[in-house]
Amino acid sequence: MAQSSQLEVDGRKVAVSKLDKLMYPDADFTKGQVIDYYVRIAPVLLPHLRGRPLTMKRYPHGVNGMFFYEKNCPTHRPEWVTTAPVWSEGNNRWMDYCVVQDLPTLVWAANLADLELHTSLSLAKTIHRPTMMVFDLDPGPPADIVVCCQVALWLRPVLEKLGLESFPKTSGSKGLQLYVPLNTPVTYEQTKGLAHGLAQLLEREHPELVVSELKKSLRANKVFVDWSQNDQHKTTVCVYSLRAKSRPTVSAPVSWQEVEACLRKQDAGLLQFETDAVLKRAEGSGDLFELVLKLKQKLPKLGADTQLAELVPAKAARSAARKSSAKPRAARRRG
């Protein structure tokens with residue numbers, strides 16, 4: 001195959017190159033297949049990219065080579081690529097982010113070996129206002145996504161008592177992420193404060209499995225409930241994005257029934273998805289994350305520990321629940 005060529009995508013010519021280059025050597029997965037995946041998943045992916053500043057995570061030599069983050073949109077971009085200026089306090093200057101508004105831009109980014117798509121929790125036009133609140137459940141070895149499922153199922157009813165519906169997706173790596181759609185006026189100070197309070201609450205109620213501090217020394221065989229992602233200056237991996245692991249895994253939306261099944265069967269493989277599986281799921285079920293963009297929810301005026309404590313079950317009920325918790329099974333599974 002020629003080293004470089006052009007694709008016509010929705011009426012625009014997009015230069016592509018080295019389509020035979022192995023991006024995932026262990027899976028014989030090429031750059032051409034990366035582009036093909038993003039083209040085919042675009043109907044459900046693009047709505048989650050539109051309007052949001054994109055931080056590229058580029059792997060020019062594949063997942064086994066060096067990588068770099070790129071916040072400023074490359075100056076050699078086509079003239080039709082949309083950008084958004086965002087002030088960076090750390091750099092004390094404006095950063096010109098790429099914004100993936102359409103399929104040609106997505107193909108262009110994939111050709112740059114932007115395997116992972118990391119987006120803001122805000123729209124560029126209202127960068128100080130998140131449209132969602134996120135909990136990143138990150139397991140410390142030997143814990144795995146099975147234990148994350150238990151933590152997620154503890155967190156879900158607490159959010160429901162606050163009147164908030166949540167939607168799970170895999171990280172595409174080791175963990176699970178919960179998204180709480182808001183799409184109403186709110187600040188990062190509010191979302192981060194509530195997320196932090198809930199993470200601390202879970203840690204107090206389930207100290208055997210949950211930690212709310214970043215220190216790695218505290219995280220062995222526990223799940224770190226990362227509340228700090230709720231920040232204007234941070235990004236999270238976008239739903240349907242590839243991950244740069246040994247195989248082409250994807251950050252995939254899942255149902256709560258699948259989360260429950262993973263915990264019940266103690267099978268981490270039930271929540272590991274590669275490109276073909278994600279494409280089939282999208283074809284059969286549509287976008288399981290659609291409501292994250294559309295559902296309007298308001299954060300409760302709640303934050304004090306004394307108020308948050310009222311959201312958890314009574315002590316007797318918690319004791320009964322712990323008898324069937326994931327801890328003993330997780331320890332036997334990986335220990």
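# Exercises on a predicted model

Glycine 286 counts as partly exposed, at 29% relative accessibility. The model is predicted. The exercises start from this glycine and move on to helix 3, two sheet regions and the aromatic rings.

## Exercise 1. Place glycine 286

**Task.** Where is glycine 286 found, and which residues does glycine 286 touch beyond four places in sequence?

**Solution.**
- Step 1. Locate the residue. Glycine 286 lies in the loop that connects helix 6 (275-285) with helix 7 (290-294).
- Step 2. List its contacts. Leaving out residues up to four places away in sequence, glycine 286 touches Val44, Tyr240 and Arg281.
- Step 3. Take the distance to valine 44. The two residues are 242 residues apart along the chain, yet their C-alpha atoms are separated by 7.3 Å.
- Step 4. Follow arginine 281. This side chain lies over the face of phenylalanine 273, at 4.2 Å from the ring centre.
- Step 5. Set this against the whole chain. Among contacts between residues at least 6 apart in sequence, 72% join residues at least 24 apart.

## Exercise 2. Order the five-stranded sheet

**Task.** In what order do the five strands of the open sheet lie, and which are the edge strands?

**Solution.**
- Step 1. Read off the order. The strands run 11-12-10-14-13, with mixed pairing.
- Step 2. Find the edges. Strand 11 (167-170) and strand 13 (210-211) each pair on one side only.
- Step 3. Look at one pairing. Strand 10 (residues 132-139) and strand 12 (residues 176-181) are antiparallel and joined by six bridges.
- Step 4. Fix the register. Methionine 132 has proline 181 of strand 12 as its bridge partner.

## Exercise 3. Describe helix 3

**Task.** Which strands does helix 3 lie across, and how many of its 17 residues are buried?

**Solution.**
- Step 1. Check the length. Helix 3 reaches 25 Å from its first C-alpha to its last, close to the 24 Å expected for its 17 residues.
- Step 2. Place the helix. Helix 3 (residues 145-161) lies across strands 10, 11, 12, 13 and 14 (223-226). Its angle to strand 12 is about 20 degrees.
- Step 3. Count the covered positions. Twelve of the 17 residues are buried, so the helix is mostly covered, buried meaning under 20% relative accessible area.
- Step 4. Name some. Among them are Ile145, Cys149, Ala152, Trp154 and Leu159.
- Step 5. Compare with the chain. Of its 335 residues, 52% count as buried.

## Exercise 4. Examine proline 168

**Task.** Is proline 168 buried or exposed, and what is it in contact with beyond four places in sequence?

**Solution.**
- Step 1. Place the residue. Proline 168 is in strand 11.
- Step 2. Judge the burial. Its relative accessible area is 1%, so proline 168 is buried.
- Step 3. List the contacts. Outside four places in sequence, they are Gln177, Leu178, Pro253, Val254, Ser255, Trp256, Val259 and Phe289.
- Step 4. Add a distance. The C-alpha atoms of proline 168 and aspartate 136 are separated by 10.0 Å.

## Exercise 5. Work through strand 5

**Task.** Which residues cover each face of strand 5, and which strands does strand 5 pair with?

**Solution.**
- Step 1. Sort the faces. Leu54, Met56 and Arg58 are on one side, and Thr55 and Lys57 are on the other; all are buried.
- Step 2. Take strand 9. Strand 5 (residues 54-58) pairs with strand 9 (residues 114-119) in the antiparallel sense over five bridges. Leucine 54 stands opposite threonine 119.
- Step 3. Take strand 6. Three bridges join strand 5 to strand 6 (residues 68-70), again antiparallel. Here methionine 56 is matched with glutamate 70.

## Exercise 6. Classify two aromatic pairs

**Task.** What geometry do the pairs tyrosine 37 and tyrosine 38 and phenylalanine 67 and tyrosine 69 have?

**Solution.**
- Step 1. Start with the total. The structure holds six aromatic pairs.
- Step 2. Take tyrosine 37 and tyrosine 38. Their rings are 5.2 Å apart centre to centre, with 55 degrees between the planes: a tilted pair. Tyrosine 37 is buried at 1%, and tyrosine 38 is buried at 1%.
- Step 3. Take phenylalanine 67 and tyrosine 69. Their centres are 6.0 Å apart and their planes at 80 degrees, so this pair is edge-to-face. Phenylalanine 67 is partly exposed at 40%, and tyrosine 69 is partly exposed at 48%.
- Step 4. Extend the picture. Tyr59, Phe67 and Tyr69 form one aromatic cluster. The charged end of lysine 57 sits over the ring of phenylalanine 67, 4.7 Å from its centre.

Conventions: Residues are numbered from 1 along each chain as its sequence is written. This is a predicted model: local features need pLDDT of at least 70, side-chain atom pairs count only at pLDDT 80 or more; totals for chains, interfaces and linings use all residues. Side-chain values use heavy atoms; hydrogens and water are left out. Two strands pair if DSSP finds at least two bridges between them. Helices (H or I, at least four residues) and strands (E, at least two) are DSSP runs, numbered from the N terminus. Contact means heavy atoms within 4.5 Å. Axes are lines fitted to C-alpha atoms, for helices over the stretch in contact, and angles run from 0 to 180 degrees between N-to-C directions. Rings of Phe, Tyr and Trp (its six-membered ring) pair if their centres lie within 6.5 Å; planes under 30 degrees apart count as stacked, over 60 as edge-to-face and the rest as tilted. Buried means under 20% relative accessible area, exposed over 50%, partly exposed in between (1.4 Å probe, protein chains only). A charge sits over a ring if NZ of Lys or CZ of Arg is within 6 Å of the ring centre and within 35 degrees of the ring normal. The expected span of a helix is 1.5 Å times one less than its number of residues.
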